[in-house]
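The following paragraphs offer a guided reading of one protein model. They begin at the end of a helix and proceed to the pockets.

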Amino acid sequence: MKFSYPGSGFSLSVEEFTVCEGETIALIGRNGSGKSTLARILSGLIEPEEGRVSIRIKGRWKDASPRDLNTFTGYVFQNPDYQIFLPTVEEELSYGLKKLGVKEAEIKSRVAEAAGLFRLPELSVPPAMMSYGARKRLQAAVYYLLERPLYILDEADSGLSFDDFLSILSIFRRKECGLVIITHDLGLARQV
């Protein structure tokens with residue numbers, strides 16, 4: 001698969017990249033080496049100029065469209081403020097579930113569970129009033145609720161303690177999904 005940003009001199013070329021169910025992969029590299037670009041391709045935010053992305057659904061492989069990838073991959077951006085936009089923690093956690101047509105009683109139950117798992121403040125708290133680390137946990141909780149087969153955590157350890165990050169990772173691993181951790185921390189990469 002190949003991709004380049006026009007006029008930038010940057011190009012990404014990936015011969016093959018596979019993430020299996022239940023597998024955790026640490027993706028490391030210098031700034032500007034294409035880690036986040038690969039994440040954007042795998043989540044359907046941009047399309048490769050050459051090549052394809054295939055996904056396995058119900059035991060069958062298919063070439064994935066950007067729309068397929070948007071519903072297959074949960075991409076937790078480096079900066080939580082790019083993905084948090086609603087007035088309260090509860091609204092953030094509920095939004096995706098409502099869009100998926102989940103019943104109100106189930107939404108309330110799942111939101112309460114996620115708030116506890118990710119140690120979030122009261123549901124009425126505005127995310128803008130939360131610390132950066134708490135917003136990162138909120139961002140992870142939002143994607144946790146969407147139940148995707150693949151999650152990409154892009155520099156998800158920034159702004160969090162090592163224990164907080166390992167806790168988030170442990171929560172996602174319970175889903176037996178594929179996980180891609182983008183990091184600059186070699187020690188963290190070895191540990192995950």
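In this predicted model, Arg 119, which comes just after helix α4, takes a positive phi of about 50°. The helix that precedes Arg 119 spans residues 104-117. Its 14 residues reach 20 Å from the first C-alpha to the last, close to the 20 Å expected at 1.5 Å a residue.

Which residues of α4 are buried? They are Ile 107, Arg 110, Val 111, Ala 114 and Ala 115, where buried means under 20% relative accessible area. Seen down the axis of α4, these buried residues fall within an arc of 135°, and they therefore line one face of the helix. A general property of helices is relevant here: an α-helix has 3.6 residues a turn, so residues three or four places apart point the same way. The packing partners of the buried residues of α4 are α3 and α5.

Helix α5, one of these partners, covers residues 132-146. With 15 residues, α5 reaches 22 Å from its first C-alpha to its last, close to the 21 Å expected at 1.5 Å a residue. Of its 15 residues, 14 are buried, so α5 is largely enclosed by the rest of the structure. Just after α5, Glu 147 takes a positive phi of about 50°.

Helix α5 also leads to the second largest pocket, since α5 is among the elements that each supply at least two residues of its lining, together with α2, β6 (73-76) and α3 (89-99). This pocket holds about 470 Å³ of space. Its lining consists of 21 residues, and those nearest its centre are Asn 70, Gln 83, Tyr 143, Leu 146 and Arg 148. By character, the lining of the second largest pocket divides into eleven nonpolar, seven polar and three charged residues.

The largest pocket has a volume of about 1,000 Å³. It is lined by 35 residues, of which Val 19, Ser 54, Ile 55, Arg 56 and Trp 61 are the closest to its centre. Three elements give two or more residues to this lining: α1 (35-42), β4 (54-57) and α2 (66-72). Which of the elements gives the most to the lining of the largest pocket? It is β4, with four residues. The lining of the largest pocket comprises 16 nonpolar, eight polar and eleven charged residues. Helix α2 thus contributes to the lining of the largest pocket and also to that of the second largest.

How values were computed. Residues are numbered from 1 along each chain as its sequence is written. This is a predicted model: local features need pLDDT of at least 70, side-chain atom pairs count only at pLDDT 80 or more; totals for chains, interfaces and linings use all residues. Side-chain values use heavy atoms; hydrogens and water are left out. On a 1 Å grid over the protein atoms alone, a cavity is a set of points where a 1.4 Å probe fits but cannot get out, and a pocket is an open set with protein on both sides within 12 Å along at least five of seven lines; lining residues have an atom within 4 Å of a point. Grid points are joined across faces, edges and corners, and a volume is the space filled by probe spheres set on the points. Ala, Val, Leu, Ile, Met, Phe, Trp, Tyr, Cys and Pro count as nonpolar, Asp, Glu, Lys and Arg as charged, and the others, Gly among them, as polar. The expected span of a helix is 1.5 Å times one less than its number of residues. Buried means under 20% relative accessible area, exposed over 50%, partly exposed in between (1.4 Å probe, protein chains only). The arc is that of the directions from the helix axis to the C-beta atoms. Contact means heavy atoms within 4.5 Å.
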